[in-house]
Amino acid sequence: MATKTTVIQSSFAPNPCQQKAIPLLAGPARYVLLKGGGGSGKSTVISWAIISRALNAPGSRHLVFRDTSASCRITMFDKTFKDMLRLGWPGLIDDPTQCRINETEMTIEFPAVGSIIIFGGLQEANLDRILGQEAATIFLNEATDMNYKQFSRVNNRNCSRGWQKSIARRSIG
């Protein structure tokens with residue numbers, strides 16, 4: 001008997017540049033690099049894509065990195081992803097049966113589907129703990145701040161299934 005997949009829709013309305021990125025993020029490429037000026041919406045559309053994947057791929061695990069945990073907390077965890085949850089899925093962030101945010105561990109969990117988004121820094125001692133399991137999506141925010149060794153270490157945890165990919169975001173300016 002086939003199982004029915006429930007698609008959780010978002011109310012996010014991407015701008016024209018973000019609309020161009022969506023097919024890339026949803027396409028077959030294992031790696032996607034978005035570039036553009038500061039404030040052009042790269043991180044916003046990527047956060048939308050990751051949250052959408054987490055909500056619609058039960059049991060999936062997604063990683064979001066910056067160079068340090070502190071910078072990841074300030075820009076990604078406390079700002080971009082929480083803002084996208086409020087914008088794209090109004091009310092979801094306030095329902096603990098649907099969304100749990102762990103401020104200490106820097107995680108956003110979706111208990112109804114068993115998916116999780118984990119945030120961290122690439123230069124931190126807990127990186128091995130974060131990378132201890134495979135991930136469906138890996139987002140390297142501000143990729144120009146990272147070196148090839150860091151990329152390779154993280155990339156080894158990227159699953160090989162077709163819908164899973166690494167996403168890098170780079171500001172050009």
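The following conversation goes through a predicted model and asks how its descriptions are justified.

User: What makes up the fold of this chain, in helices and strands?

Analyst: The chain of this predicted model has five helices and seven strands, and, read along the sequence, these elements follow the pattern α-β-α-β-α-β-β-β-α-β-α-β.

User: Why is the contact between Lys 82 and Asp 78 called a salt bridge?

Analyst: The term requires a side-chain nitrogen of Lys or Arg within 4 Å of a carboxyl oxygen of Asp or Glu. For Lys 82 and Asp 78 the N to O distance is 3.4 Å, so the pair satisfies that limit and is called a salt bridge. By this rule the count comes to four salt bridges.

User: Where do Lys 82 and Asp 78 lie in the chain?

Analyst: Both belong to helix α3, which covers residues 69-88, and they are four residues apart, about one turn of the helix. In general, an α-helix has 3.6 residues a turn, so residues three or four places apart point the same way.

User: Is Lys 82 buried or exposed, and what about Asp 78?

Analyst: Buried means under 20% relative accessible area, exposed means over 50%, and partly exposed lies in between. Lys 82 has a relative accessible area of 9%, so the residue is called buried, whereas Asp 78, at 35%, falls in between and therefore counts as partly exposed.

User: How do you know that Lys 79 and Asp 83 form a salt bridge?

Analyst: The closest N and O atoms of Lys 79 and Asp 83 are 2.6 Å apart, and because the limit is 4 Å, the pair qualifies. Lys 79 and Asp 83 both lie in helix α3, again four residues apart. Lys 79 has 48% relative accessibility and Asp 83 has 32%, so both count as partly exposed.

User: What makes the salt bridge of Glu 103 and Lys 82 a link between distant parts of the chain?

Analyst: The closest N and O atoms of Glu 103 and Lys 82 are 2.7 Å apart, and the two form a salt bridge. Glu 103 sits in the loop between β3 (100-102) and β4 (107-110), while Lys 82 sits in helix α3, 21 residues apart. Glu 103, at 41% relative accessibility, counts as partly exposed. Taken with the bridge inside the helix, this links Asp 78, Lys 82 and Glu 103 in a network of salt bridges.

User: How do you know that the span of helix α2 agrees with what is expected?

Analyst: Helix α2 (residues 42-56) has 15 residues and reaches 21 Å from its first C-alpha to its last, which is close to the 21 Å expected at 1.5 Å a residue. The helix is also mostly covered, since 13 of its 15 residues are buried.

User: Why is strand β6 described as covered on both faces?

Analyst: In a regular strand the side chains alternate between the two faces of the sheet. In β6, Thr 137, Phe 139 and Asn 141 on one side and Ile 138 and Leu 140 on the other are all buried, and five of the five residues in this strand, 137-141, are buried.

User: What makes β2 and β6 a pair of strands?

Analyst: Pairing requires at least two bridges between the strands. Strand β2 (residues 61-66) and β6 share four bridges in the parallel sense, so they count as paired. In this arrangement His 62 stands opposite Thr 137 in β6.

Notes
Residues are numbered from 1 along each chain as its sequence is written. This is a predicted model: local features need pLDDT of at least 70, side-chain atom pairs count only at pLDDT 80 or more; totals for chains, interfaces and linings use all residues. Side-chain values use heavy atoms; hydrogens and water are left out. Helices (H or I, at least four residues) and strands (E, at least two) are DSSP runs, numbered from the N terminus. Buried means under 20% relative accessible area, exposed over 50%, partly exposed in between (1.4 Å probe, protein chains only). The expected span of a helix is 1.5 Å times one less than its number of residues.
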